[in-house]
Amino acid sequence: MREPPQKKVLYWCPRCNVPLLGQSCACGGEGERIPLLRPYDIRPAPGHDRELLSSLLLERFGTGDLPEIVLFNKTGGLDRNDLVIANGARFGWLSFHPCTRCWSFVPEQEALPFLLPRARAGIIDLETACREPGTISGRKIGGKKVAVRTGIADGPVIVRYKGMAGTGFLSGDSLKIRKIGPVHPREYPDPGWDVAVEMNRFHLKNLERHAIRFIRQHMSDRPRANVSFSGGKDSTVALELARRAGVTECYFIDTGMEFPETLSFAGEMGIPVRLSGRGLFNHIRERGLPAKDNRWCCELLKLLPVKMWLGKGGECVTIQGNRYYESFSRAGLPPVCENPFHPGQLNISPIRNWRALEVFLYIWWRKLAVNPLYEMGFERVGCWMCPAMLESEFELVKTIHPDLHRRWIAVLQEYAEKHGHPPEFIGCGLWRWENPPPKMQELCREKKGRPAKKS
Ligand code: SF4
Ligand SMILES: [Zn+2]
């Protein structure tokens, strides 16, 4: 079967002001294209993140107003770095700095029709603030740096000039104008996610039908079939689809490092088999810290318990919730493949070509329960000290489970002391790599630390 190409754009119905899974809306309108950024995954902004965005807007621009429907397109960066999409436009950037531990929101020009009539602060009027008016003569002022006098703190600003509006960044008395042009303030319809589900119902039905057919095609390729449930949104959907296809067996691996919320959720979902992975702390002395580029923990905490369980039960088909769009490395995920660690286990991925948007709309359409960690601001659900987690998420662990956070910091401190690592090792989250990528090495140099490489 030929796989569909990755979806690199999002369609948006301008009439209903909702994102579309296909190119057209149930209202009969055609969607407008919004180009996405790699790895092209797009997800609804859950409760915590929407509140965060609203508070950053309030702090900087004096308005916390946001439409109900806000989406994030995660992209590469130092840590969390999401393109925010709202009102069918690139609304801005939400990012977290792993060293300063601060969040920032930088609006895009396309946010201004919504933001400009609401903003009460963070606005620079060039006609009064510019110290050298000669520098802004001429037609093209986007991209220019100008000296200004304002009482505004450093950061992103809205720039006004002769009936135009734009965005810029203020640093001391220097303003870098990013873009400026005519802006026409607009009022948009403000539907909730229930309307988005309704307008996409046809596509959701299709996605479900294809996924169930795919499971049924393969569920008899081995003597038995089961679902691997991790407690995350993707495996929640995989479980629902598998149950609808007639698969009843399911297992959940408790790595011993699961969030309490995930354990409770797995209980509520009535998962009959619980496999236990244990002993992470005992292995750190001998194997070092688990890292994004050396995930030995997976072998110990996940693969080993499954291997023992499969050894008793024999060959099987396992339905999993892996998706192309989750990360750069999953982009080549095959629909069906023999597990290289467990010969005899055939893994099938019925939602491999779904984005997080499809996953959440499906969950809401089918009214499925979902792990509460998403509402609390986590983008992915795994072990509470996972090196693949972002520093912004580790910051959330500190708030939600300070005891767990303290426990891991103590492990990191002991390790850093023993191996003579600089403060950035913990302070900027460098412990998460065995060989930090160039962007993190660069950050280290900026902070005059050593380009950390774990010993
Ligand atoms: S979720 Fe993270 S910490 Fe847990 S086993 Fe996988 S890579 Fe390791
Ligand atoms: Zn519509």
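Two residues are in contact if their C-beta atoms, placed from the backbone, lie within 7 Å. I begin with that rule, colleagues, as it underlies the packing I shall describe first. Please keep in mind throughout that this is a predicted model.

Let us turn to helix 11, which spans residues 391–400. Which of its residues are buried? They are Glu 391, Ser 392, Glu 393 and Phe 394. And what do the buried residues of helix 11 pack against? Their partner is strand 7, residues 89–96.

I now move to helix 10, residues 356–365, and to its two crossings.

The first concerns helix 6, which covers residues 233–245. The axes of helix 6 and helix 10 come within 10 Å of one another, and the angle at which they cross is roughly 55°. Helix 6 is therefore oblique to helix 10. As for handedness, the crossing of helix 6 past helix 10 is left-handed. On the side of helix 6, the contact is formed by Lys 233, Asp 234, Thr 236 and Val 237, and on the side of helix 10 by Val 359, Phe 360, Tyr 362 and Ile 363. Sorted by class, the residues of this contact between helix 6 and helix 10 comprise five nonpolar, one polar and two charged.

The second crossing involves helix 5, residues 201–218. Here, too, the axes approach within 10 Å, and helix 5 and helix 10 cross at roughly 100°. Angles of 65 to 115 degrees count as roughly perpendicular, so helix 5 is placed roughly perpendicular to helix 10. Helix 5 contributes Arg 201, Leu 204 and Leu 207, which meet Glu 358, Leu 361, Tyr 362 and Trp 365 of helix 10. The contact of helix 5 with helix 10 contains five nonpolar and two charged residues, and no polar ones.

Two residues of helix 10 deserve individual attention.

Glu 358 belongs to helix 10. Is Glu 358 buried or exposed? Glu 358 has 22 C-beta neighbours inside 10 Å and therefore counts as buried. Setting aside residues up to four places away in sequence, Glu 358 touches Leu 21 and Leu 207. There is also a long step in sequence to mention: Glu 358 and Arg 43 are separated by 315 residues along the chain, yet their C-alpha atoms are 8.2 Å apart in space.

Trp 364 is also placed in helix 10. With 16 C-beta neighbours inside 10 Å, Trp 364 is classed as partly exposed. Beyond its neighbours within four places in sequence, Trp 364 is in contact with Trp 193 and Val 197. Its C-alpha atom is 7.8 Å from that of Asp 194, a residue 170 positions away along the chain.

Next, I come to the backbone. Most residues other than glycine have a negative phi, and most peptide bonds are trans. Three places in this model depart from that pattern, and I shall take them in turn.

Arg 38 and Pro 39 are joined by a cis peptide bond, with omega at about 0°. Pro 39 sits in the loop between strand 3, residues 32–35, and strand 4, residues 42–44.

Asn 17 is not a glycine, but its phi is positive, at about 60°. Where is Asn 17 placed? The answer is the loop between strand 1, residues 9–13, and strand 2, residues 18–20. Asn 17 is buried, because 20 other C-beta atoms lie within 10 Å.

Lys 367, likewise not a glycine, has a positive phi of about 50°. Lys 367 lies in the loop between helix 10 and helix 11. Lys 367 is exposed, because 7 other C-beta atoms lie within 10 Å.

One further loop residue is Glu 315, found between helix 9, residues 296–313, and strand 17, residues 316–319. Glu 315 is partly exposed, with 14 other C-beta atoms within 10 Å. Not counting residues up to four places away in sequence, Glu 315 touches Arg 222, Pro 223 and Gly 344. Glu 315 and Leu 404 are 89 residues apart in sequence, and their C-alpha atoms are 37 Å apart in space.

Finally, I turn to the ligand. Which residues are around ligand 1? They are Thr 255, Met 257, Pro 290, Arg 295, Cys 297, Cys 298, Leu 301, Lys 302, Gly 382, Cys 383, Cys 386 and Ala 388. This shell around ligand 1 consists of eight nonpolar, two polar and two charged residues.

Methods: Residues are numbered from 1 along each chain as its sequence is written. Chains are lettered from A and ligands numbered from 1 in the order in which they are written. This is a predicted model: local features need pLDDT of at least 70, side-chain atom pairs count only at pLDDT 80 or more; totals for chains, interfaces and linings use all residues. A residue is near a molecule or strand if its C-beta atom, placed from the backbone, lies within 6 Å of it. Ala, Val, Leu, Ile, Met, Phe, Trp, Tyr, Cys and Pro count as nonpolar, Asp, Glu, Lys and Arg as charged, and the others, Gly among them, as polar. Axes are lines fitted to C-alpha atoms, for helices over the stretch in contact, and angles run from 0 to 180 degrees between N-to-C directions. Helices (H or I, at least four residues) and strands (E, at least two) are DSSP runs, numbered from the N terminus. Angles under 35 degrees count as roughly parallel, over 145 as roughly antiparallel, 65 to 115 as roughly perpendicular and the rest as oblique. A crossing is left-handed if the near helix is turned anticlockwise from the far one by less than a right angle, and right-handed if clockwise. A residue is buried if 20 or more other C-beta atoms lie within 10 Å of its own, exposed if 12 or fewer, and partly exposed in between; C-beta atoms are placed from the backbone.
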